[in-house]
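User: I'd like to go through how a few labels in this model were assigned. Can you take me through the reasoning?

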Amino acid sequence: MNFVAAIGRLLISFFEAVGRIAMFTGLALFHSLRPPYYPRLIARQMIDIGYYSLPVVGLTAIFTGMVLALQSYSGFARFSAESAVATVVVISITRELGPVLAALMVAGRIGASMAAEIGTMRVTEQIDALTTLSTNPYKYLVMPRLLAGIAMMPVLVLVADIIGVFGGYIIGVNKLGFNPAAYLKSTFEYLEFKDVFSGLVKAAVFGFIITLMGCYHGYHSQRGAQGVGTATINAVVSALILILVFNYMITELFFSR
Amino acid sequence: MSTNLQTPKIKVRGLKKAFGRKVVLDGLDLDVMSGESVVIIGGSGTGKSVLLKCILGIIQPDAGSIEIDGEEVTRMSSRERERVMRKFGMLFQGGALFDSLRVWENVSFGLVQAQGMERVQAKDIAIRKLAAVGLGPEVGELLPAELSGGMQKRVALARAIATEPEIIFFDEPTTGLDPIMSDVINDLIVDCVKQLGATTLSITHDLASARKIAHRIAMIYNGKIIWSGPVQKIDYTGNAYVDQFIHGRAEGPIKVEVGAINDPTPGSRR
Ligand SMILES: Nc1ncnc2c1ncn2[C@@H]1O[C@H](COP(=O)(O)OP(=O)(O)O)[C@@H](O)[C@H]1O
Ligand SMILES: [Mg+2]
């Protein structure tokens, strides 16, 4: 009996959270339909997400591409399919590893900083001050971040794709003895539009998830420094989990049967 | 302006607000007439800030009515509410300056964001407002974190008056400042209010400050206004609660819950 009740409580609080987040998103959308639109703020967020995340995302991508080439080479050697290395690298990177790893990195960087910034604004009454200065905080704080996340993640992932493939190429040519032209040829030979496109769709969804969790948890931060700390943790952890769940669902959507 | 002199600028009736089981406002009534300067006194954590935030629509009250210029605001749509809120300026307890913006951008925020003024023009006005609170134009280029507490309060004051609002709220404008700086801020408030002809509602537990800026003083206790009267009468109220408060005595009808000392400092809503 107790067990059932516990499950029930868990489910209720789960749906409560989903409802609150949906409401938050709805309010952000609703308030953003009317001008002003704050293009300066959107631009600043885009630079923050897109440009300043480049080093960490690039680094992740190049090492992932390199390790993929090494691993698939030694694995495929067992049934003499070494020639598939280039194809495996490009497909794994564009479909899965590019978007997922970039999103995990950005969730740590951007999700945390958004939650901390907005949470601090909440506890120091800056969000209340916005309201008294006739500025809607959903419009001013939330929407620019959501838009920037949705717009910039695909760009980041595209860059990560290219760098990741390049990482595989370096290892393939310098260490595994592939002919450069042949490696490139087999990289693109079996690559389909859908591989890249599905990865970019994932990236846009992940961008939305990361920024939404950052804004939502920051906005509802409890009072005090501890409240901001908790908000930051919640923003990152919930974004990571949602990224993995949605990654599966989008993959299912694109590639099942 | 055809505002009827009989209509209070702010009229609060039966205002109630509880957080969980903790009742903060319990049927509070308050009138503020046009051009009047009312100061609310009362102990820490008695709901003074919550009252201001209810009037501003930052906190949703549980029950009661709030009228601004005769318009009921508690049931307004967010859009209408925004229109009414343009009449207000607010100086927050902690300043609440935007720490990612420079000082002049803070001061001109309402002009640029809400009224759509050009930044160049808004900067001119910001610099004039800064001068009005005794700060030079070079301060305008700094970030709030680079200022002392007294300067932050002045910048917050400049921001509150920049849009020349009809109604201004001051939440503990002198708390945390030395007595001289407190007096400077009090003078600035009196001057600014006189110049703008604004209606003001202030919170303080600094009696010197209250005597200086108030026409009328109201004391809040247990979620209600228990006494209100002209500032000249504050020393002869014959009210034991008010007497205890203005003389700062630990003994008297007001019982301080010592447990409350461990409560986190009251801040913004959750
Ligand atoms: N958002 C909130 N959530 C829960 N409790 C709150 C909130 N805001 C204020 N309170 C509580 O309401 C009481 C009154 O707070 P406040 O109005 O800030 O006091 P003060 O009179 O010192 O300004 C305090 O006990 C405070 O803890
Ligand atoms: Mg207060």
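User: Why is B:Ser49 called buried?
Analyst: This is a predicted model, and in it B:Ser49 has a relative accessible area of 18%. Buried means under 20%, so B:Ser49 gets that label.

User: And what makes B:Gln93 partly exposed?
Analyst: Its relative accessibility is 27%. Partly exposed covers what falls between the 20% and 50% cut-offs, so B:Gln93 goes there.

User: How do you know which residues are protein donors of the magnesium ion (ligand 2)?
Analyst: Go by distance: donors are N, O and S atoms within 2.8 Å of the metal. OG of B:Ser49 and OE1 of B:Gln93 lie 2.0 to 2.3 Å from the ion, so both count as donors. B:Ser49 sits in helix 1 (residues 48-56) of chain B, and B:Gln93 in the loop between strand 6 (88-91) and helix 3 (103-107), so the pair ties together parts 44 residues apart in sequence.

User: What makes B:Lys53 and A:Asp128 a salt bridge?
Analyst: The N to O distance between their side chains is 3.8 Å. The rule asks for a Lys or Arg nitrogen within 4 Å of an Asp or Glu carboxyl oxygen, so the pair passes. Across the interface of chain B and chain A, the rule finds 2 salt bridges. On chain B's side, helix 1, helix 2 (78-85), strand 6 and helix 4 (109-114) each supply at least two residues that touch chain A.

User: How many residues are in contact there?
Analyst: 31 from chain B and 25 from chain A, with about 2500 Å² buried between the two chains, 51% of it on carbon and sulfur atoms.

Technical notes. Residues numbered from 1 in each chain as written. Chains lettered and ligands numbered in written order. Predicted model: local features only at pLDDT ≥ 70, side-chain atom pairs only at ≥ 80, totals over all residues. Heavy atoms only, no water. Donors = N, O, S within 2.8 Å, 3.2 Å for Na, K, Ca; no water. Helix = DSSP H or I, 4+ residues; strand = E, 2+ residues; numbered from the N terminus. Buried < 20%, exposed > 50% of the residue type's maximum accessible area, 1.4 Å probe, protein only. Contact = heavy atoms within 4.5 Å. Buried area = accessible area lost by both parts, 1.4 Å probe.
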